[in-house]
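Here's a quick briefing to help you find your way around. Take a look at the model first, then work through the notes below.

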Amino acid sequence: MYYLDNAILLDGEILENSYCTPLYKNRDYWILYSGQVISQIGNSFFEIALPWYMYTLTGSKGLLGLTGFIDSLPMLAALFTGVFVERWNKKSTMMASDGVRSLAAIGIFLVAILSPQIRSGTLMGLYTLMFILSFAGTFFSPANTALLPLIIRDDQLKQAMGYSQSASAFSRLVGTFGGGGLLTLFGAPTLFLLNAVSFLISVFTLRFIRIQRTVQPASECNGKEHRFFAEWKEGVTIIFRNREILRNQVFALIANFVLGPLEIVMVAWVKGPMNGTAYDLGVINGCFAIGVLISGFFIRLLPKHIHPRFYVFGGSTMMGLCIVLMSLEPRLWYAVGLALVSSFALGIMNATVGAMFIEAIPVNLRARVGGASNALDRLAVPAGLALFGFLIIVIPLSWILIIIGVFVILSGLLFIPNLVTKTPAELGLLDMDS
């Protein structure tokens, strides 16, 4: 048990300081955690329903690629949203973001119900609402990054990262397995509506989180009034001046360039060469989530004397190889097994990189740097979707999977240098105990 000399007063009452309790007893963390599980399940419904809906009604690989491209474009706005979020109340920003996303999801549901046939006007309405939904999400992510350290201790960050990754994987597991079945039984509009409901639940749960730690904005700490561009530039500069963060950034840029389009490619792969159903797609995507879910708990058992970069290098190699092997045989259970192994490797890789990233950033700069980093991570996604959206039209899908797998393997080569050079801080990155 952890104690502080001073209790916290809220509305005149003495409350337990959840910021100073063990993570498993932290009320505010688990409220945040549970709300995000629900909203991520809804988002998984949406992610499986929208591309399947577009491809089923149009039969066009080109429109399938365009759907993914437009959905990814707002990621570029995350270059700047972190600076705004740093100035705003983090909880209110997250509530507003999910509120807007709920309204956009309701709009997509209404368009799908009122226009069962895809026409030019229907496409414009869907693409506009998709853009709004995705754009609102660019404010949520940096706010969540900045909020987490305000409700838990710094030494709990690595454990929280492991739990959060497992929660994300669990949400994707439920969303994709359940989404595939619901999509087959009730159709895409039902899943669009459930996505809207999940965002509303997230807004409701966020109301009950108590912020018990404040961090002075960096611009005030410096005694200067920074302009918007200066603050944004500072966040980006920190990324490029820190060698570890920069390496992670380049790695993510390459990986996202090829993994961003993978979901769209899998829709075409299942409906085309595999001759599968929406449920088959849900099973495969669900197995991608199972591997990540398992890795979230397994990571604390990994040897701590091994350099963290080794796990990133090994994870990328294993995942890339599985994607290459998937191209050899369009069978459901073959794809399921490879999805499990590759996603387990992805989970180990992501948890390691995520812990390294958060610990390298000063707490009062996490919204600014987190927002800029999140955008830089994803800058390659629209480019990747544009390229692979074209490639799925002109070359066989099996070659697309091979290209993706090879590039994932190559991205891990960035972590080969200095694998035997260890520091006490690096050796503790995978220690999830608190």
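**The lay of the land**

The chain has 18 helices and two strands. Keep in mind that you're looking at a predicted model. Of the 434 residues in the chain, 55% are buried.

**Overall make-up**

- Take the contacts between residues at least 6 apart in sequence: 87% of them join residues that are at least 24 apart.
- About 18500 Å² of the chain is exposed, and carbon and sulfur atoms supply 67% of that area.

**The salt bridges**

- The structure holds two salt bridges.
- One of them pairs Arg101 with Asp98, and their closest N and O atoms are 2.6 Å apart.
- Both Arg101 and Asp98 belong to helix α4 (residues 90-114), where they sit three residues apart, or about one turn of the helix.
- Is Arg101 buried or exposed? Arg101 counts as buried because its relative accessibility is 12%, and the cut-off for buried is under 20%.
- Its partner Asp98 is buried too, with a relative accessible area of 0%.
- Glu329 forms a salt bridge with Arg331, and here the closest N and O atoms are 2.8 Å apart.
- Glu329 has 30% relative accessibility, so it counts as partly exposed, while Arg331, at 55%, counts as exposed.

**Ser72 and what it touches**

- You'll find Ser72 in helix α2, which covers residues 61-72.
- With a relative accessibility of 2%, Ser72 counts as buried.
- The Ser72 side chain reaches the backbone oxygen of Phe69 at 2.8 Å.
- Which residues does Ser72 touch, leaving aside those up to four places away in sequence? They are Val381, Pro382 and Leu385.

**Helix α10**

- Helix α10 runs over residues 243-259, which gives it 17 residues.
- From its first C-alpha to its last, α10 reaches 24 Å, close to the 24 Å expected at 1.5 Å a residue.
- Several residues in α10 are buried, including Ile245, Phe251, Ala252, Ala255, Val258 and Leu259.
- The buried residues of this helix also include Glu244, Arg247, Asn248 and Gln249.

**Phe177 and its contacts**

- Phe177 is part of helix α6 (residues 157-186).
- At 26% relative accessibility, Phe177 counts as partly exposed.
- How far apart in space are Phe177 and Ser44, C-alpha to C-alpha? The distance is 9.5 Å, although the two are 133 residues apart in sequence.
- Not counting residues up to four places away in sequence, Phe177 touches Arg172, Tyr279, Gly282, Val283, Gly286, Cys287 and Ile290.

**A nonpolar patch on the surface**

- Val406, Phe407, Leu410, Leu413 and Ile416 form a nonpolar patch on the surface.
- Together, these patch residues have about 390 Å² of accessible area.
- Val406 comes from helix α17, residues 397-411.
- Val406 has a relative accessibility of 37%, so it counts as partly exposed; that fits with its place in the patch, because patch residues need over 30% relative accessible area.

Conventions: Residues are numbered from 1 along each chain as its sequence is written. This is a predicted model: local features need pLDDT of at least 70, side-chain atom pairs count only at pLDDT 80 or more; totals for chains, interfaces and linings use all residues. Side-chain values use heavy atoms; hydrogens and water are left out. Helices (H or I, at least four residues) and strands (E, at least two) are DSSP runs, numbered from the N terminus. Buried means under 20% relative accessible area, exposed over 50%, partly exposed in between (1.4 Å probe, protein chains only). Contact means heavy atoms within 4.5 Å. Accessible areas come from the Shrake-Rupley method with a 1.4 Å probe; for residues, only the protein chains shown count as cover. A salt bridge is a side-chain nitrogen of Lys or Arg within 4 Å of a carboxyl oxygen of Asp or Glu. A polar contact is a pair of N or O atoms within 3.5 Å; within protein, one must be able to donate a hydrogen and the other to accept it, and residues adjacent in sequence count only if both atoms are side-chain atoms. The expected span of a helix is 1.5 Å times one less than its number of residues. Patches are made of residues with over 30% relative accessible area and no salt bridge: like charges are joined within 9 Å, nonpolar side chains (Val, Leu, Ile, Met, Phe, Trp, Tyr) within 5 Å.
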